[in-house]
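Colleague: I would like a close look at a single part of this model. Please take one strand and go through its surroundings step by step.

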Amino acid sequence: MAPNSIHWFRKGLRLHDNLALREAVQGAGTVRCVYFLDPWFAGSSNVGVNRWRFLLQCLEDLDSNLRKLNSRLFVIRGQPANVFPRLFKEWKISRLTFEYDSEPFGKERDAAIKKLAMEAGVEVIVKISHTLYDLDKIIELNSGQPPLTYKRFQTLISRLDPPEMPVETLSDAVMGCCVTPISEDHGDKYGVPSLEELGFDIEGLPSAVWPGGETEALTRIERHLERKAWVANFERPRMNANSLLASPTGLSPYLRFGCLSCRLFYFKLTDLYRKVKKNSSPPLSLYGQLLWREFFYTAATNNPRFDKMEGNPICVRIPWDKNPEALAKWAEAKTGFPWIDAIMTQLRQEGWIHHLARHAVACFLTRGDLWISWEEGMKVFEELLLDADWSVNAGSWMWLSCSSFFQQFFHCYCPVGFGRRTDPNGDFIRWVPFLASTLGANLCPGCTPLPPIPPLSLRTLHIQYSET
């Protein structure tokens, strides 16, 4: 008898290059694709409205693409451990598939679900596809310890086989005889909820600058790859005020939610490089965006305290100040530094900021100026940043605060000089409506304090806005 399958979506919100999803339909009689959403968690979690909107758009797009295959997405209200036993019985399930989650809390959750499935006589199939490599193999090569420098990480992966090629997108042909039982009241029982249903007030919420979903991700990767000159010469794009704005070729939120396969991105970059470089082998630096992500995933996978200073074996103990007022001003873009406030305003409004802008505000909060713990900054990014992901977010904050990975403590981003060099005409800070109305026509970023907001009393440096 053909098995009845459930595919459990968490990340990996796509139909292309989805190994576990293919396993779910392989030889199956029925398949149901589920996503668990806890409405209580939505109202109480430290996740902002932009990230929730992006997720819901991803789910809507996933459901739309499944409909084309005469299937649907089942959005289940509740906790997996509480609901799965009922679903196993009600749907007569004999196979459960999902993508491997490398993060400690994910591994703990999945172990509990595997135990429940085993007790119910359900086969469990888990496949790696959110990372390029099997992280355990990288750690094994490094004598059982995660590499703590990017150079060492690169050395280790150069000794591994290349990432596996992406698998075929789910299609009618791949589905074969497998069907999805769909009831007439499917939308009422299992439909994607709205932001209002989750308790969010959307009055005055601007339209999304980063629309969620696999469809958008696949469109963006093609635009991204059209930048053939950059890939051919492999030169870093020149930094200017326009670089700070959201780009229609940006991919980071789509990689974070798995709307875009990292392997698809990897091999498309490889193919394009070989075409323009006459079949020469691409350097590891070509894959920087993907490999830094992989580096932090590897460092975090066996460290449940990775997002904490205390109890974290790789984190330096630094006696950070506790200054709730200064932290709030930083988070709410009210420091009085136009460059810093413009970046934090963009983060709150759009859910994304350029990686060098992240460096600037992280350095300002921690070792550069306010001497506030990186953990506090990480929490703000977790709330507001679309591409914030537990491993990469914590790892980046430890790096930028010189708490781990990076030790050049006095290499800081000046909150005046860096903004002035990057945005000499104040174009970026004028993009922020409040700052645009406050700044004079010829004012460059960081030249004078903003009248309505007294600048913070800095712990170090005491940089003046008029500094040249």
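How many bridges join β4 to strand β5 (residues 123–127), and in which sense do the two run?

Modeller: Keep in mind that this is a predicted model. Five bridges join β4 to β5, and the two strands run parallel. One pair to look for is F98, which stands opposite V126 in β5. Between these strands the chain passes through helix α5 (residues 104–119), and the β-α-β crossover from β4 to β5 is right-handed.

Strand β4 also pairs with β1 (residues 4–9), again in the parallel sense, over four bridges. Here S5 has R95 of β4 as its bridge partner.

Now the side chains. In a regular strand they alternate between the two faces of the sheet. In β4, R95, T97 and E99 point one way, while L96 and F98 point the other way. Each of these residues is buried, where buried means under 20% relative accessible area. Because five of the five residues of β4 (residues 95–99) are buried, the strand is largely enclosed by the rest of the structure.

For the wider setting, the chain holds 22 helices and five strands. Of its 468 residues, 55% are buried. Among contacts between residues at least 6 apart in sequence, 78% join residues at least 24 apart. The accessible surface of the chain is about 21100 Å², and carbon and sulfur atoms account for 53% of that surface.

Note on methods: Residues numbered from 1 in each chain as written. Predicted model: local features only at pLDDT ≥ 70, side-chain atom pairs only at ≥ 80, totals over all residues. Heavy atoms only, no water. Buried < 20%, exposed > 50% of the residue type's maximum accessible area, 1.4 Å probe, protein only. Contact = heavy atoms within 4.5 Å. Areas by Shrake-Rupley, 256 points an atom, 1.4 Å probe, with all protein chains shown as cover. Pairing = 2+ DSSP bridges. Right-handed = clockwise from strand over helix to strand, strands pointing away.
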